[in-house]
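Reader: Got a minute to walk me through this one? I'd like the layout, the core and any oddities.

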Amino acid sequence: MALGLKNYFSKAAGVLFLLTLLLITGVSNAQTNTRDGVFTQQQAVSGGALYLRSCVECHGITLAGGEAGPALVGGAFWSQWQDQSLAAFYQITASTMPVNNPNGFSPEQYTDVVAFMLQQNGLPVGEEPLTANVADMVAITMQPSAVPVRVASLLNGASSAQRVIDYEWLCYH
């Protein structure tokens, strides 16, 4: 009888171990995407101010790009970044921008600029800030907004609520 109980507890411990392993693996592999509100409003606001100081010259006041820099909103942007890890986008941004000073901002400033770009692409804000930890960003997949993106000049305090020019219309015309 003692051998039977020992065998029973051994099997039960094994099953418990496997269930715990599955639970941990499931949690650590949990994926989220940019539609899930992965940044805060404050990050987007701070990133917008930094964008105006350091990025607008090349990427434009509407983030639509120009001769000196690619679009950071709309179809051209998403054709390159959709389904990519947010970590990859963050690392490319930090290691190459601004052109005259790559890696010139703090990790938090780069996170804010990324939050601003996501917001300008119509993605929702969340309750928790986006961390500057690249390992955390690996689990976030970049997905475009489910609603049409509208862009407008950032001059004169234009907010996302005031964005009135449909970016796709601009690309078409």
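Author: What follows is a short tour, from the overall layout to the local details. Keep in mind that this is a predicted model.

Reader: Fine. How many helices and strands does the protein have?

Author: Eight helices and four strands. In sequence order the pattern is α-β-α-α-α-α-α-α-β-β-β-α.

Reader: What share of the residues is buried?

Author: Of the 173 residues, 33% are buried. As for contacts with a separation of 6 or more, 68% are between residues 24 or more positions apart.

Reader: Now the largest nonpolar core. Which residues touch the most other members?

Author: That core has 30 residues, and the ones touching the most other members are Phe39, Leu86, Phe89, Val114, Leu118 and Met142. At least two core residues come from each of helix H2 (41-54), helix H4 (74-81), helix H5 (86-96) and helix H6 (107-120).

Reader: Which helix gives the most?

Author: H6, with seven residues.

Reader: Pick Phe89. What is it in contact with, leaving aside neighbours within four places in sequence?

Author: Phe77, Trp81, Val114, Met117 and Met142. Val114 and Met142 also rank with Phe89 among the residues that touch the most other core members.

Reader: Val114 sits in H6. At what angle do H5 and H6 pack?

Author: About 120°, with the axes 10 Å apart. The crossing is right-handed.

Reader: Which residues make that contact?

Author: From H5, Leu86, Phe89, Tyr90, Thr93 and Ala94. From H6, Pro107, Tyr110, Thr111, Val114, Met117 and Leu118.

Reader: Switch to H2. How many residues, and how far does it reach?

Author: H2 has 14 residues. From first C-alpha to last it reaches 20 Å, close to the 20 Å expected at 1.5 Å a residue.

Reader: Which residues of H2 are buried?

Author: Gln43, Ala44, Gly47, Gly48, Leu50 and Tyr51. The buried residues of H2 pack against helix H3 (56-59) and H6.

Reader: Spacing of three or four keeps turning up there. Why do residues three or four places apart point the same way in an α-helix?

Author: Because an α-helix has 3.6 residues a turn.

Reader: New topic. How many disulfides?

Author: Zero. Cys55 is in none, and its nearest cysteine sulfur, that of Cys58, is 8.4 Å away.

Reader: Why is there no bond for Cys58?

Author: Because its sulfur is 8.4 Å from the closest cysteine sulfur, in Cys55, and that is too far for a bond. The cut-off for a disulfide is 2.5 Å.

Reader: Are those cysteines buried or exposed?

Author: Cys55 is buried, with a relative accessible area of 12%. Cys58 is partly exposed, at 28%.

Reader: Backbone next. Where is the cis peptide bond?

Author: It joins Met97 and Pro98, with omega about -15°. Pro98 lies in the loop between H5 and H6.

Reader: And which residue in that loop has a positive phi, although not a glycine?

Author: Asn103, with phi of about 60°. Asn103 is found in the loop between H5 and H6. Asn103 is exposed, with a relative accessible area of 52%.

Reader: What about Leu63?

Author: Phi of Leu63 is positive too, near 65°, and Leu63 is not a glycine. Leu63 belongs to the loop between H3 and H4.

Reader: Is Leu63 buried or exposed?

Author: Buried, with a relative accessible area of 0%.

Key:
Residues are numbered from 1 along each chain as its sequence is written. This is a predicted model: local features need pLDDT of at least 70, side-chain atom pairs count only at pLDDT 80 or more; totals for chains, interfaces and linings use all residues. Side-chain values use heavy atoms; hydrogens and water are left out. A nonpolar core is a set of buried Ala, Val, Leu, Ile, Met, Phe, Trp, Tyr and Cys residues joined through side-chain atoms within 4.5 Å. Buried means under 20% relative accessible area, exposed over 50%, partly exposed in between (1.4 Å probe, protein chains only). Contact means heavy atoms within 4.5 Å. The expected span of a helix is 1.5 Å times one less than its number of residues. Axes are lines fitted to C-alpha atoms, for helices over the stretch in contact, and angles run from 0 to 180 degrees between N-to-C directions. A crossing is left-handed if the near helix is turned anticlockwise from the far one by less than a right angle, and right-handed if clockwise.
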